[in-house]
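Open your viewer and keep the selection box handy. We will go from the whole chain to a few chosen residues, one stop at a time.

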Amino acid sequence: MASMLLNSMRSCSVIQTKSKKTLARPGVKNIVLVEGVRTPFLLSGTMYVDLMPHDLARAALQGLLNRTGVPKDAVDYIIYGTVIQEVKTSNVAREAAMGAGFSDKIPAHTVTMACISSNQAMTSAVGLIAAGQCDAVVAGGVEFMSDVPIRHSRKMRKTMLSLNKAKTLGQKLSLIGSIRMAHLSPELPAVAEFSTAETMGHSADRLAAAFGVSRVEQDEFAVRSHSLAKKAQESGLLEDVISFKVPGRDIVSKDNGIRPSSMEQMAKLKPAFIKPHGTVTAANSSFLTDGASAVLIMSEEKALAMGYKPKAYLRDFVYVSQDPKDQLLLGPTYSTPKVLERAGLSMSDIDVFEFHEAFAGQIMANLKAMDSDWFAQTYMGRKSKVGTPSMDKFNLWGGSLSLGHPFGATGCRLVTTVAHRLKKEGGQYGLVAACAAGGQGHAMVIEAYPQ
């Protein structure tokens with residue numbers, strides 16, 4: 001595996017592929033990605049710290065408007081994904097859309113599906129267009145980890161609600177007098193499964209152990225991700241990133257979590273979850289990130305009529321779900337073969353792979369599961385293994401480990417990156433795959449638009 005990773009870092013030149021048959025189907029509407037943008041993804045607690053989620057979502061929407069010049073009244077619907085919702089703007093899609101200057105006549109709704117929330121926003125847009133309900137939909141996602149809701153304890157909440165309903169002074173004083181120190185303990189949010197009470201980091205640690213992914217392999221993968229992201233950033237390949245003037249602060253124009261390191265430095269970090277023998281560390285995991293993304297999706301007919309040159313066709317997609325205890329993070333393993341079968345493609349047909357990297361151990365465990373006949377036969381009901389992506393086609397511009405992972409926004413980044421890479425590398429088919437909390441997953445096949 002180490003040699004595979006090393007070779008892939010040396011093989012980031014343009015990939016020449018043979019012309020392949022298009023996935024267009026008679027009688028099926030072609031749906032296209034016209035453009036995709038995102039705010040810079042920043043480490044939580046840095047430049048965005050004083051904002052709110054809808055501020056970032058609004059910035060992404062305004063960036064999309066500026067990039068495309070699409071008339072605001074030409075958009076039929078707006079959908080946003082998010083995970084940890086700000087209670088003041090529970091429908092962040094609506095608040096951000098109006099803040100960005102869209103008409104209040106355009107419906108907007110917010111979806112949540114953990115780390116594949118903006119994937120769900122995009123495929124919901126595809127569904128609206130395919131059904132003939134809309135011609136142009138904006139989809140996106142936002143996450144703001146610099147400020148998350150922290151609740152009072154349940155006892156305190158019940159007391160406060162009762163206090164609000166109290167009629168007399170005596171009732172109010174009695175309720176106030178019932179408050180104890182234990183009532184004041186806050187409930188802190190955690191990236192953990194409700195059904196198992198296990199954090200995602202613990203799951204990643206167990207998954208890595210189950211598939212024999214060593215600490216060295218995880219650190220090598222993380223070094224690769226950061227190195228490739230740095231190279232892509234310096235080469236101007238991350239063209240989906242828009243500049244954003246943070247109110248009261250400077251203009252932000254690039255991701256700030258890309259930090260190439262050495263294996264020696266990586267080895268110094270202690271396990272973050274299962275101590276002292278775990279292999280998942282802060283350095284080989286994605287970091288808490290603030291950011292937002294937005295894409296413009298249209299029917300091909302509408303896009304061409306408005307004078308746009310689409311970036312890519314959005315073709316087949318699937319969602320999967322499995323046991324959230326032992327298979328929480330194996331979404332790519334289950335979703336990849338299903339979406340390839342729907343599209344009538346094989347692994348060798350795919351020119352560009354973009355898999356979500358929540359943890360190095362998680363993504364490498366998926367690769368090992370995909371390369372296992374035993375796993376395919378025992379858990380997937382398949383006769384033989386799925387097969388693994390070639391590393392010289394895999395996440396060549398970095399991934400969530402290095403670029404950052406705002407939970408609700410990552411899906412749009414993945415899809416836009418595939419479209420840009422297909423154009424840059426001369427490929428025809430790309431595949432996005434991601435895992436999500438709850439044991440869920442998503443995959444989508446994207447086809448390059450003819451040059």
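Here is the tour, beginning with a note on how to read the model.

This is a predicted model, in which local features need pLDDT of at least 70 and side-chain atom pairs count only at pLDDT 80 or more, while totals for chains, interfaces and linings use all residues. Residues are numbered from 1 along each chain as its sequence is written, and side-chain values use heavy atoms, with hydrogens and water left out.

**Stop 1: the whole protein**

Show the cartoon: there are 15 helices and twelve strands, taken as DSSP runs (helices H or I with at least four residues, strands E with at least two) and numbered from the N terminus. Along its principal axes, the C-alpha trace spans about 80 × 55 × 45 Å. The radius of gyration is 23 Å, which agrees with the value near 22 Å for a compact globule of 451 residues; the radius is taken over C-alpha atoms, and the globule rule is 2.2 Å times the number of residues to the power 0.38.

Now switch on the surface. The accessible surface comes to about 19200 Å², with 54% belonging to carbon and sulfur atoms (Shrake-Rupley method, 1.4 Å probe; for residues, only the protein chains shown count as cover). Of the 451 residues, 55% are buried, where buried means under 20% relative accessible area, exposed over 50%, and partly exposed in between (1.4 Å probe, protein chains only).

**Stop 2: the two annotated domains**

Colour residues 31-301, which UniProt lists as "domain: Thiolase N-terminal" in an unreviewed entry. The end C-alpha atoms of this span lie 9 Å apart, and the span is 36% helix and 15% strand. Give another colour to residues 308-447, where UniProt (unreviewed entry) places "domain: Thiolase C-terminal". Here the end C-alpha atoms lie 17 Å apart, with 36% helix and 21% strand. UniProt positions are in the numbering used here, feature names are shortened, and annotations may be inferred rather than shown by experiment.

**Stop 3: the annotated active site**

Which residues does UniProt list for "active site"? Select Cys 115, His 405 and Cys 435, again from an unreviewed entry. They span 321 residues in sequence, yet no two of their C-alpha atoms are more than 12.4 Å apart, so they gather at one spot. Cys 115 and His 405 are included in the lining of the largest pocket. On a 1 Å grid over the protein atoms alone, a pocket is an open set of points where a 1.4 Å probe fits, with protein on both sides within 12 Å along at least five of seven lines; lining residues have an atom within 4 Å of a point.

Zoom in on Cys 115, in the loop between strand E4 (108-111) and helix H4 (117-130). Is Cys 115 buried or exposed? With a relative accessible area of 7%, Cys 115 is buried. Leaving aside neighbours within four places in sequence, Cys 115 is in contact (heavy atoms within 4.5 Å) with His 356, His 405, Phe 407, Cys 435 and Ala 436.

Move to Cys 435, in strand E11 (residues 429-436). Cys 435 is buried too, at 1% relative accessible area. Beyond four places in sequence, the contacts of Cys 435 include Cys 115, Leu 329, His 356 and Gln 362.

**Stop 4: helix H12 and the core**

Gln 362 leads us to helix H12 (residues 360-370), where ten of the eleven residues are buried. Next, show the largest nonpolar core, which has 48 residues; Phe 211, Leu 329, Phe 355 and Leu 431 are among those with the most contacts inside it. Such a core is a set of buried Ala, Val, Leu, Ile, Met, Phe, Trp, Tyr and Cys residues joined through side-chain atoms within 4.5 Å. H12 gives the largest share of this core, seven residues. Apart from this core lies another, of 42 residues, among them Val 70, Ala 97, Val 252 and Tyr 449.

**Stop 5: strand E8**

Finish at Ile 297 in strand E8 (residues 289-299). Ile 297 counts as buried, at 0% relative accessibility, and among the residues it touches are Ile 31, Met 122, Val 137 and Leu 314. Ser 299 is also found in E8 and is buried, at 3%. Among its contacts are Lys 29, Asn 30 and Asp 135.
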